[in-house]
Amino acid sequence: MCGIFAYTGSKNKDAVEVLLEGLSSLEYRGYDSAGIYTPESGVVKTPGAVGALRGKVPKSFTGKSGISHLRWATHGAPTEKNAHPHHGGKEDIWLVHNGIVENFRELKERLTKKGHTFFSESDTEVLAHLIEEYLRSEKNFEKAVFKALGEVRGTYGLAIQYAKEPEKLIAARMGSPIVLGVGNGEHFIASDASPILKHTKKVLFLNDGEVAVLTPTSHAVYKLSQKRVRRNPEELSWGAEEAQKGGYEHFMLKEIMEAPDVVSNTLRGRLIQKKGMAKLGGLESVAKKLSHIERIIIVGCGTAYYAGLIGEYMLEEFAGIPVEVELASEFRYRSPVLNQRTALIAVSQSGETIDTLEAVREGKRKGALTLGIVNTVGSTIARETDAGVYNHAGPEVGVASTKALVSQLTTLALFTLFFGRARKLSPKKGAEIARELAALPKKLETVLKKEKEMAKLAKKYAHMRDFLFIGRKYNYPVALEGALKLKEVSYVHAEGYGAGEMKHGPIAMIDQEFPTFALTPRDSVYEKNVSNVHELKARKGLVIALATEGDKSIAKLADDVVYVPKTLEMLQPILNLIPLQLFAYYVAIQKGLNPDRPRNLAKSVTVE
Ligand code: G6P
């Protein structure tokens with residue numbers, strides 16, 4: 001997501017060059033605007049790339065310390081005004097921030113009453129004003145920061161500077177990573193180690209609820225309670241590229257492992273758990289039209305299309321609205337019958353896929369209400385749809401979509417609560433769905449512990465040339481996605497099928513050389529799926545079953561079993577996906593392939 005880099009040094013190093021170079025190594029994260037501040041020269045910000053920022057920084061711009069940022073827009077458009085660093089009213093408190101201040105509206109209101117004037121739409125700016133406000137009473141920079149942070153709800157990774165104490169930097173972390181670099185007479189703050197490694201390998205990772213005070217020659221870490229934390233820096237053996245990947249070998253694996261955070265970020269501020277409702281600010285502007293909707297069409301491509309297929313089951317079962325899902329590339333060439341009572345939901349990670357975009361345009365032409373479930377803020381689909389909800393999954397670098405799907409499904413579950421509670425869904429069932437959604441991150445952590453197990457399984461099966469994936473109901477699209485992932489990154493021929501269709505063709509291919517991944521969770525179609533496994537075994541087919549924890553009977557039948565914790569049937573795909581993604585990843589590794597760069601595929605397909 002956004003990138004932070006800050007520096008304080010006493011040597012004759014030019015902080016401006018250090019910061020600009022550091023920002024370049026954070027560019028891989030994806031961003032839409034950039035900015036830099038030094039107490040000596042002030043601020044330069046710009047929409048666009050680090051190159052544009054460099055071009056805008058005058059020769060006279062200097063500093064021995066400073067803070068800098070790459071922004072990936074969440075609140076407010078990617079403009080110069082909304083770019084970081086942000087400052088308080090007196091322009092002496094400056095900060096850069098990753099994360100979301102959830103209570104920024106109420107803080108802003110309070111501070112406005114006290115005479116603060118705000119310059120941007122960003123939630124971050126309120127933090128600078130809050131610190132400034134406490135500085136008035138506390139007369140101490142550190143104390144003012146502690147007091148202000150005590151009031152913040154939400155997430156932050158922060159680097160803060162006070163113009164009157166230019167050598168000092170304060171860093172803080174709550175839910176958004178911060179790494180400190182410990183150099184010789186210099187210190188660094190960054191959102192990941194990649195911009196630091198060129199200068200020093202000695203780093204200190206902040207934990208949630210920790211604050212660090214840095215000068216060129218000292219660093220001290222505290223808890224939010226101001227209690228000192230004693231922890232020695234560690235020596236990183238990573239190269240810059242590994243640092244970008246958070247120490248993982250590939251972005252794909254890093255992004256699979258991010259699933260618990262992705263769900264938390266997608267849900268943040270949107271779940272009204274007790275009432276079993278979802279608050280989707282992005283749909284407020286079309287609330288009236290939504291109440292008249294009689295039919296939903298979901299369009300997408302690739303993995304996003306499969307998200308739509310799962311969404312169809314959710315929305316029809318719990319919101320009672322007829323839903324159709326269509327490949328965007330087909331929808332645009334049909335003559336779809338649409339009207340004002342139709343909502344067309346476009347699902348797209350990039351927000352730039354040409355077929356999905358054209359499907360949106362076709363929907364608009366025919367008078368449908370167009371909505372987006374998009375991950376990339378400010379992308380074309382986000383701009384062209386009437387309204388929408390951002391996934392907040394953070395930039396996805398791996399070509400084959402992984403974490404974006406997790407966030408798309410979480411968003412579709414929120415849509416289900418949103419539409420459902422306005423229609424047939426009872427408060428009790430709504431609350432149950434909300435509760436299970438909130439419990440997903442923990443369950444995902446359990447599933448991710450299967451990483452080694454999936455690596456072993458991949459090793460056992462990597463020599464197979466063909467694979468069948470089967471599932472039923474909510475897990476039918478999961479089977480399609482499991483096959484797609486394997487094809488995309490490991491080039492193994494794989495077919496995804498609805499389990500009920502197995503007898504209508506694919507079973508003819510089954511023998512000892514054609515294994516099946518069978519999705520058999522303990523759900524409403526369990527018995528039927530078990531029958532399919534029997535049928536496969538009767539043909540000497542090898543079966544890997546993905547089953548619910550504690551299901552011993554399936555182990556007697558299948559050759560291998562991967563256990564996944566139980567959740568509601570409608571949310572089970574979010575957990576079941578993960579082992580399939582890990583399996584595809586590790587088969588690719590077994591074959592010596594780079595899963596981040598699959599041959600012939602592009603991350604964002606912007607040509608037809
Ligand atoms: C490409 C990517 C897929 C992705 C699809 C749709 O094919 O390789 O991973 O699912 O495009 O992309 P979108 O950005 O619209 O979600």
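Which backbone nitrogen lies 2.8 Å from a polar atom of the side chain of E210? Keep E210 selected while finding out; the model on screen is a predicted one.

**Stop 1: E210**

Show E210 as sticks, together with N207. The backbone nitrogen in question belongs to N207, and the 2.8 Å separation runs from that nitrogen to a polar atom of the E210 side chain. Colour by secondary structure to see that E210 sits in strand β12, which covers residues 210-214.

Next, switch on a surface. E210 counts as buried because its relative accessible area, 5%, is under the 20% cut-off. To see what is around E210, select A171, A172, R173, F205, V221, Y222, V229 and R231: these are its contacts once neighbours within four places in sequence are left aside.

**Stop 2: K147**

Move to helix α5, residues 141-149, and pick K147. Is K147 buried, exposed or partly exposed? Its relative accessible area is 39%, so K147 falls between the 20% and 50% limits and is partly exposed. With neighbours within four places in sequence set aside, K147 is in contact with Y134 and E138.

Add H86 to the selection and draw a distance between the two C-alpha atoms. K147 and H86 are 61 residues apart along the chain, and their C-alpha atoms are separated by 19 Å.

**Stop 3: the domains**

Colour three ranges separately: 3-242 for domain 1, 251-448 for domain 2 and 451-590 for domain 3. Place a centroid on the C-alpha atoms of domain 1 and another on those of domain 2; the two centres lie 33 Å apart. Where these two domains meet, eight residues of domain 1 are in contact with nine residues of domain 2.

**Stop 4: the ligand**

Centre the view on the ligand. How many residues surround the ligand? The shell holds 14, and the closest are S348, Q349, S350, T353 and S401. Sorted by class, the shell has six nonpolar, six polar and two charged residues.

Now label the polar distances, one residue at a time:

- S348: a polar side-chain atom lies 2.6 Å from an oxygen atom of the ligand.
- T353: a polar side-chain atom lies 2.5 Å from an oxygen atom of the ligand.
- S401: here a polar backbone atom is 3.0 Å from an oxygen atom of the ligand.

Finally, compare the ligand with and without its surroundings. Taken alone, the ligand exposes 380 Å², of which the protein buries 91%.

Terms used. Residues numbered from 1 in each chain as written. Predicted model: local features only at pLDDT ≥ 70, side-chain atom pairs only at ≥ 80, totals over all residues. Heavy atoms only, no water. Helix = DSSP H or I, 4+ residues; strand = E, 2+ residues; numbered from the N terminus. Buried < 20%, exposed > 50% of the residue type's maximum accessible area, 1.4 Å probe, protein only. Polar contact = N/O pair within 3.5 Å; in protein donor to acceptor, adjacent residues only side chain to side chain. Contact = heavy atoms within 4.5 Å. Near = heavy atom within 4 Å. Areas by Shrake-Rupley, 256 points an atom, 1.4 Å probe, with all protein chains shown as cover. Nonpolar A, V, L, I, M, F, W, Y, C, P; charged D, E, K, R; others polar. Domains from an automatic or database assignment.
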